[in-house]
Amino acid sequence: MANPVCEQCEKSHRSTLACEVHHIVPVESEPTESRMKVLMFSYTNLMSLCHDCHVSIHQQMFSHTKDSVKANNKRKTESFVDKFL
């Protein structure tokens, strides 16, 4: 794990040990096994998280409320901007 601190907690100015790795873009979103493997091991698609933040992100990802959809889109956009711009 490149970052030993939870990236979500850091955004809230908290310092929590990261113990899990989250795939920002779900690996299962790719149509072929070869593309899944590329996405699975791409460092730009990984996020260091504590367990609580990881659970929270997955709960939000699978919620279809208007607020959750907006939050997911915002998080994806911010992640893209942080990594590529």
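# Reading cavities, cores and cysteines

Q: Let's start with empty space. How many cavities of 30 Å³ or more does the structure hold?
A: The structure holds 1 cavity of 30 Å³ or more. Keep in mind that you're looking at a predicted model.

Q: What volume does the largest cavity have, and which residues line it?
A: When you read a cavity, go from its volume to its walls. Here the volume is about 70 Å³. The walls come from His22, Ile24, Met47, Ile57, Met61, Arg75 and Lys76.

Q: Which helices each supply at least two residues of that lining?
A: H3 and helix H4 (66–84) do.

Q: Arg75 is in that list. Where does arginine 75 sit, and is it buried or exposed?
A: Arginine 75 belongs to helix H4. Its relative accessibility is 14%, so it counts as buried, the cut-off for that label being under 20%.

Q: Which residues does arginine 75 touch, once residues up to four places away in sequence are not counted?
A: Ile57, Gln60 and Met61. Two of those names, Ile57 and Met61, also turn up in the cavity lining. For a sense of scale, arginine 75 and leucine 46 are 29 residues apart along the chain, and 13 Å separates their C-alpha atoms.

Q: Now Met61 from the other side: what is methionine 61 in contact with, leaving aside neighbours within four places in sequence?
A: His22, Pro26, Asn72 and Arg75. Among them, His22 and Arg75 line the cavity along with Met61 itself.

Q: Moving on to packing. Which residues make up the largest nonpolar core?
A: With a core, list the members, then ask which elements they come from. This one has 9 residues: Cys6, Cys9, Ile24, Met47, Leu49, Cys50, Cys53, Ile57 and Met61. Strand E2 (46–49) and helix H3 (51–61) are the elements giving two or more residues. H3 makes the largest contribution, 3 residues.

Q: That core includes cysteines. How many disulfides does a search of the whole structure find?
A: The search finds 0. The trick is to look at sulfur-to-sulfur distance, where the cut-off is within 2.5 Å.

Q: Why is cysteine 9 not bonded to its closest cysteine?
A: Its closest cysteine sulfur is in cysteine 6, at 3.6 Å, and that is too far for a bond. Cysteine 9 counts as buried because its relative accessibility is 2%.

Q: And what is the story for cysteine 50?
A: The closest cysteine sulfur to that of cysteine 50 belongs to cysteine 53, again too far for a bond at 3.6 Å. Cysteine 50 is buried too, with a relative accessible area of 8%.

Q: Back to openings: how much space lies in the largest pocket, and which residues are closest to its centre?
A: About 170 Å³. There are 12 lining residues, and those closest to the centre are Ile24, Val25, Thr44, Asn45 and Ser79. H4 gives the most to this lining, with 5 residues.

Q: Asn45 is polar. Where is asparagine 45, and is it buried or exposed?
A: For a polar residue, check accessibility first and then look for partners. Asparagine 45 is in the loop between helix H2 (33–40) and E2. It counts as buried because its relative accessibility is 4%.

Q: What does the side chain of asparagine 45 reach?
A: It reaches the backbone nitrogen of valine 25, at 2.6 Å. Leaving aside neighbours within four places in sequence, the contacts of asparagine 45 are His22, His23, Ile24, Val25 and Leu39.

Q: Let's compare two histidines. Is histidine 54 buried or exposed, and what about histidine 13?
A: Histidine 54, found in helix H3, counts as buried at 13% relative accessibility. It is in contact with Glu20, Val21, His22 and Leu49, leaving aside neighbours within four places in sequence. Histidine 13 lies in the loop between helix H1 (7–11) and strand E1 (20–23). At 77% relative accessibility, histidine 13 counts as exposed, since that label takes over 50%.

Q: What about phi of histidine 13?
A: Most residues other than glycine have a negative phi. In histidine 13, phi is near 60°, a positive value.

Q: One last residue: is valine 38 buried or exposed?
A: Valine 38, in helix H2, is exposed, with a relative accessible area of 58%. Its C-alpha atom is separated by 8.9 Å from that of valine 27, 11 residues apart along the chain.

Definitions and conventions:
Residues are numbered from 1 along each chain as its sequence is written. This is a predicted model: local features need pLDDT of at least 70, side-chain atom pairs count only at pLDDT 80 or more; totals for chains, interfaces and linings use all residues. Side-chain values use heavy atoms; hydrogens and water are left out. A nonpolar core is a set of buried Ala, Val, Leu, Ile, Met, Phe, Trp, Tyr and Cys residues joined through side-chain atoms within 4.5 Å. Buried means under 20% relative accessible area, exposed over 50%, partly exposed in between (1.4 Å probe, protein chains only). Helices (H or I, at least four residues) and strands (E, at least two) are DSSP runs, numbered from the N terminus. Contact means heavy atoms within 4.5 Å. A polar contact is a pair of N or O atoms within 3.5 Å; within protein, one must be able to donate a hydrogen and the other to accept it, and residues adjacent in sequence count only if both atoms are side-chain atoms. On a 1 Å grid over the protein atoms alone, a cavity is a set of points where a 1.4 Å probe fits but cannot get out, and a pocket is an open set with protein on both sides within 12 Å along at least five of seven lines; lining residues have an atom within 4 Å of a point. Grid points are joined across faces, edges and corners, and a volume is the space filled by probe spheres set on the points.
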